[in-house]
Amino acid sequence: MATLALALSFAACVVVSATYSGREAAQAARSPVTVPEQQAGQAIARWMESADIVAGRQYSVIYIQPLRKDSPPPPGLRRWPAPGHSAVSYGAELAGQHESITSRYGEMDVRLEPEGLASISEPLIYVHPAKPMKEGLYVSAWGNPEGTVFGEPLNIQPATGFYVLITATCLVPALALTVIACRTGSVKRDRRQSILHAMGASRRHRLLVDLGETVPPVLAGAALAILVMYVWQGANWNLPKVNYIVTVDYLKPHLLPFFASAGLAALVVLTAAVTVQPRTSSSGVRPDRHQGRALVRTARWLCPVAFAIAFFGPGLFTAQDNEMLFLLPYAAGSLTALLLLPAALSALTTQLGRLIGWWGQRAGHPVALLAGRWVAASPAAVARVVTSIVLLIGLSAQLYTWNNRTTESDAKALATQRMLDSSVMVVDGIDRNSPQQLQSFITALPGDQKVLAVYNSDSPETRTHTRVLGSDAALRQAGLPVPSKDRQVLTTSVQKVDSDRGRALLQTADVMAVGAVAVERGVVHATENLHTLQVIASRGHKVDEATVKHLANQTLMPGWHVTVPGDEWTATLATYREHNWWLPMFAMATLAILAFATCLANMAEFLRFSKSLAPIVVMAGNRRLFAWTTLLVFLGTFFCATLVGVCAAVALTLPMQGPPIRAEGLPVTLIGWSLTVVMTLALVMTTWAARVVLKEAGRWRPVSD
């Protein structure tokens, strides 16, 4: 298992390197080589970048038009889309299948191939406008390593972050598992070592014996790792929550170091087997592992006090709007609680073992008596398992919640979107359109949807920097004050508007944020300072975003944007939260590896205890006594660990739900995954331990006892 975990950790680093190399090569190959307008005769196409949002996720829309009949299309396009048609990637189609994404920019008649994408899951669309493009860059060729970056590479995290994440959550736990596996005791191995010592075997001889014992399981782990890696590189894997598909084509040039990870892992484990393995004495007895009394007696009381400070402290210090005042008691309490947690859990384990033993003796239950006595006598073995699981669940939930915090602007944007409930759409990038194009767009909208126009001020000296213009019906539908006649101007502000909807729309329109907005009744017209249009549905109804975007593509010039108010904040927030799912995904690997490692050490301690139990079980003739004792020790330990871990996770993340952190809810999904991993491992380890101890107990015979 240690070899398998190490091999997959090394292989994950190779996959990260291959993915980033492949993504950079794909971006360089599709980036346009641009020429100035004076050299337009050398151009093969015209190119303009835009953006849109689908399912809350921002993606790139590239308007592109060939200027010659023999112009080669960019990588990923087998042929040019017909005028008025589009080419859609698999990622965009999958994300926007409920928004008619394949017909939003004209019917899709070409599929974007993987060689033109940064990853298979990248949402990207090429649009060939129906009319000749009047704006955009002139392109002379495709393939510019220093050219424009667009699409998925705009939002990717640096590769260094993934290397650090893999090292912290996979490689270090795998190395810990390696050390524990190499130092785990075995009665038969101890006997062989003592015999070799008695026979006068040299250090080299014993080293060869150690290697001979270690090679078969290490080779088995390496073979299993190669099998997993072979399956891994044979197909594209869709990772849940992060909305990313691992592109195996990027891995093909790196298959040698990819599969060599298994050999490197085997070499590391073999080296550890002969360097960190404890030596036996001439009597065959391992060094005494008894530890001195290192627990601080006051830790059992200080730990819950520290949790209480982290939970109640920010509220006591009135840290509602000050992040620093929040962090002082919260960080101090959390750090102190986590540092004292191992000592507190060890003390709690001892008391719990004594309580179970006392109850077993009083009630006449031998299983509870035996299990309680062992837990009380070996608190460190049980506390290691409980502490590792509790710390991992608590820290993972805390880090994930902290990374999902929102700013005040994010919180206001989310509150505005919930209040408006998709009843308003903002149309941006329209200042280059003619009055006829704007009128065509407004006329094409459904009859119950009205339009407000937002204009920037002509002069910075004016008292109002924003002007809102619309018909009588549009202003009433928006919940804004209505002038008594056309061209009459009312100066108002967000605070003076009675309607919640009107305040939200006015706040969205007031791009200069000076508080004074001019409201005018009249016909929407196109001027140079036209900023945005607001499409407003009647109360109780919603604006169909897909329809508005489809109409905008048909009537407006390329470069328009249709968004929900506040999308400039929430789209970035959604991408950020999507990236944060890498953390819990790797945290599950850490939880599984470290929990297995500590359980391995725990089982070694329990096997020593089982040798003392064997005479009782054999002479009593009740093998179920052993099985139930194992069940209580292992399954009970895991159950207590998950229970305490969930309580710690909730206690550490609840204070971050409100201001100033404003995390979006408890990490329920992360906690659910943790419970699934831990309880699955608990069942496996309990079954394994019961099988081993029953097998050993059946071999015991009374010899000189």
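**Salt bridges, packing and backbone in a predicted model**

Me: Which residue forms a salt bridge with Glu135?
Reply: A salt bridge needs a side-chain nitrogen of Lys or Arg within 4 Å of a carboxyl oxygen of Asp or Glu. For Glu135, the closest N and O atoms are 2.6 Å apart. The partner is Arg432.

Me: How many residues apart are Glu135 and Arg432?
Reply: Both sit in loops. Helices (H or I, at least four residues) and strands (E, at least two) are DSSP runs numbered from the N terminus. Glu135 lies between β6 (124-128) and β7 (137-142), Arg432 between β10 (424-428) and α13 (435-444). The pair links distant parts of the chain, with a separation of 297 residues.

Me: Which atoms do the side-chain values use?
Reply: This is a predicted model: local features need pLDDT of at least 70, side-chain atom pairs count only at pLDDT 80 or more, and totals for chains, interfaces and linings use all residues. Residues are numbered from 1 along each chain as its sequence is written, and with hydrogens and water left out, side-chain values use heavy atoms.

Me: Is Arg432 buried, exposed or partly exposed?
Reply: Buried means under 20% relative accessible area, exposed over 50%, partly exposed in between (1.4 Å probe, protein chains only). Glu135 has 29%. Arg432 has 33%, so Arg432 is partly exposed.

Me: How far apart are the closest N and O atoms of Arg111 and Glu93?
Reply: Arg111 is in strand β5 (residues 108-111) and Glu93 in helix α2 (residues 90-95), so this salt bridge ties together parts 18 residues apart in sequence. Relative accessible area is 32% for Arg111 and 25% for Glu93. The closest N and O atoms are separated by 2.5 Å.

Me: What is the relative accessibility of Arg104?
Reply: Arg104 bridges Glu99, the closest N and O atoms being 3.0 Å apart. Both belong to a network of salt bridges with Asp52, Glu545 and Lys549. Arg104 counts as buried, at 1%.

Me: How many salt bridges does the whole structure have?
Reply: The protein chain has 20 helices and 16 strands. Buried residues make up 50% of its 705 residues. A search of the whole structure gives a salt-bridge total of 18.

Me: What is the nearest side chain of opposite charge to Arg501?
Reply: Arg501 is in helix α15 (residues 500-509). Lys and Arg count as positive, Asp and Glu as negative; His and the chain ends are not counted. Arg501 is buried yet has no salt bridge. At 9.2 Å, the nearest opposite charge is Asp448.

Me: At what angle do α10 and α11 pack?
Reply: Axes are lines fitted to C-alpha atoms, for helices over the stretch in contact, and angles run from 0 to 180 degrees between N-to-C directions. The axes of α10 (residues 366-377) and α11 (residues 379-403) lie 5 Å apart. The angle is about 85°.

Me: Which residues of α11 meet α10?
Reply: Contact means heavy atoms within 4.5 Å. From α10 come Trp374, Val375, Ala376 and Ala377. In α11 they meet Pro379, Ala381 and Val382.

Me: Which residue does a cis peptide bond join to Pro659?
Reply: Most peptide bonds are trans. Here omega is about 5°. The partner lies in the loop between α19 (623-653) and α20 (668-698); that partner is Pro660.

Me: What is phi of Lys241?
Reply: Lys241 lies in the loop between β8 (237-239) and β9 (244-246). Lys241 is partly exposed, at 41% relative accessibility. Its phi is positive, near 70°.
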